[in-house]
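User: I've got a new model open and I'm not sure where to start. Can you walk me through it?

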Amino acid sequence: MPDASHPAPAEPPWRVGVGWDRHRLAPVAPAGEGRPLVLGGVRLESDLGPVSHSDGDALLHAVTDAILGALGLEDLGALFPDTDPDHEGRDSMEFLDRAVRLMRDAGWTLANLDAVVVLQSPKLGPRRDEIRRRLARALGAPPGRVNVKGKTGEGVDATGERRAVDAHAVTLLMRADRAS
Ligand code: C5P
Ligand code: MG
């Protein structure tokens, strides 16, 4: 119980969250079971794409989980079970939109996001700004607060052998009333 000598600590005005996701890659249909490769809501030219119940946007899944994590909520899979036929082929922007609404409703805003996509090929570099802008729009944040980087898997392990795409995201949220 808080008392005069041990007052309840003030709620911190910051919250950090982390998210990670992996999708298996396969030749894009009709050659295989892969869906078109979409990362951060941006479609990339690729012979391989994610095998997934939803659209398989690993970057959006990692970002969504980073926001939910910062809010102390359950993860994406708990909110949108991949056993639910409603989520078949679903645009993952809808998942992110839901997390952003939860963030706003709880009085938080994005301070910044940093993310890494581990993908042997194609290179993200040429589309990086487009992905940053698309994410920033979804997050209601200026593009300068949103960063995304591509890294190869150096030819080894699942990402390096083009068997998987991984995404890592870290978010910092701040109290919305401190943002201006
Ligand atoms: O993985 P590695 O360090 O060899 O990647 C070299 C650079 O290539 C990265 O720093 C990044 O700028 C770019 N890259 C990319 N998209 C990828 C992989 C790497 O833009 N899928
Ligand atoms: Mg996923």
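Analyst: One definition first. Asp, Glu, Lys and Arg count as charged; Ala, Val, Leu, Ile, Met, Phe, Trp, Tyr, Cys and Pro as nonpolar; the others, Gly among them, as polar. This is a predicted model, where local features need pLDDT of at least 70, side-chain atom pairs need 80 or more, and totals for chains, interfaces and linings use all residues. Residues count from 1 along each chain as written, chains are lettered from A and ligands numbered from 1 in written order, and side-chain values use heavy atoms, without hydrogens and water.

User: OK, pockets. What volume does the largest pocket have?

Analyst: About 310 Å³. A pocket is an open set of points on a 1 Å grid over the protein atoms alone, where a 1.4 Å probe fits, with protein on both sides within 12 Å along at least five of seven lines. Its volume is the space filled by probe spheres set on the points.

User: Which residues are closest to its centre?

Analyst: His23, His61, Leu76, Gly77 and Asp82. They belong to a lining of 16 residues. A lining residue has an atom within 4 Å of a point.

User: How many of the lining residues are nonpolar, polar and charged?

Analyst: Five are nonpolar, seven are polar and four are charged.

User: And which elements supply at least two of them each?

Analyst: Strand β1, helix α1 (58-70) and helix α2 (76-79). β1 gives the largest share, with three residues. Helices (H or I, at least four residues) and strands (E, at least two) are DSSP runs, numbered from the N terminus.

User: Now the sheet. What order do the strands come in?

Analyst: β4-β1-β7-β5-β6. These five strands form an open sheet, and the pairing is mixed. Two strands pair if DSSP finds at least two bridges between them.

User: Which strands are at the edges?

Analyst: β4 and β6 (146-151). Each of them pairs on one side only.

User: How many bridges join β1 to β7?

Analyst: 11. β1 covers residues 14-27, β7 covers residues 164-175, and the two run antiparallel. In this pairing, Trp14 has Met174 of β7 as its bridge partner.

User: What about β1 and β4?

Analyst: Also antiparallel, over three bridges. β4 spans residues 48-50. Its Pro50 stands opposite Leu25.

User: Are β5 and β6 parallel or antiparallel?

Analyst: Parallel, with six bridges. β5 runs over residues 108-118. Ala115 faces Val148 in β6.

User: Switching topic. How many aromatic pairs are there?

Analyst: One. Phe80 and Phe95 have ring centres 4.3 Å apart and planes at 35°, so the pair is tilted. Rings of Phe, Tyr and Trp (its six-membered ring) pair with centres within 6.5 Å; planes under 30 degrees apart are stacked, over 60 edge-to-face, the rest tilted.

User: Where do the two residues sit?

Analyst: Phe80 is in the loop between α2 and α3 (93-105), and Phe95 is in helix α3. They are 15 residues apart, so the pair links distant parts of the chain.

User: Anything odd in the backbone?

Analyst: Most peptide bonds are trans, and most residues other than glycine have a negative phi. Ala29 and Pro30 are joined by a cis peptide bond, with omega about 10°. Pro30 lies in the loop between β1 and β2 (38-39). The bond from Ser121 to Pro122 is cis too, with omega near 0°. Pro122 is in the loop between β5 and α4 (128-139).

User: Which residue has a positive phi although it is not a glycine?

Analyst: Glu154, at about 55°. Look for Glu154 in the loop between β6 and α5 (157-160).
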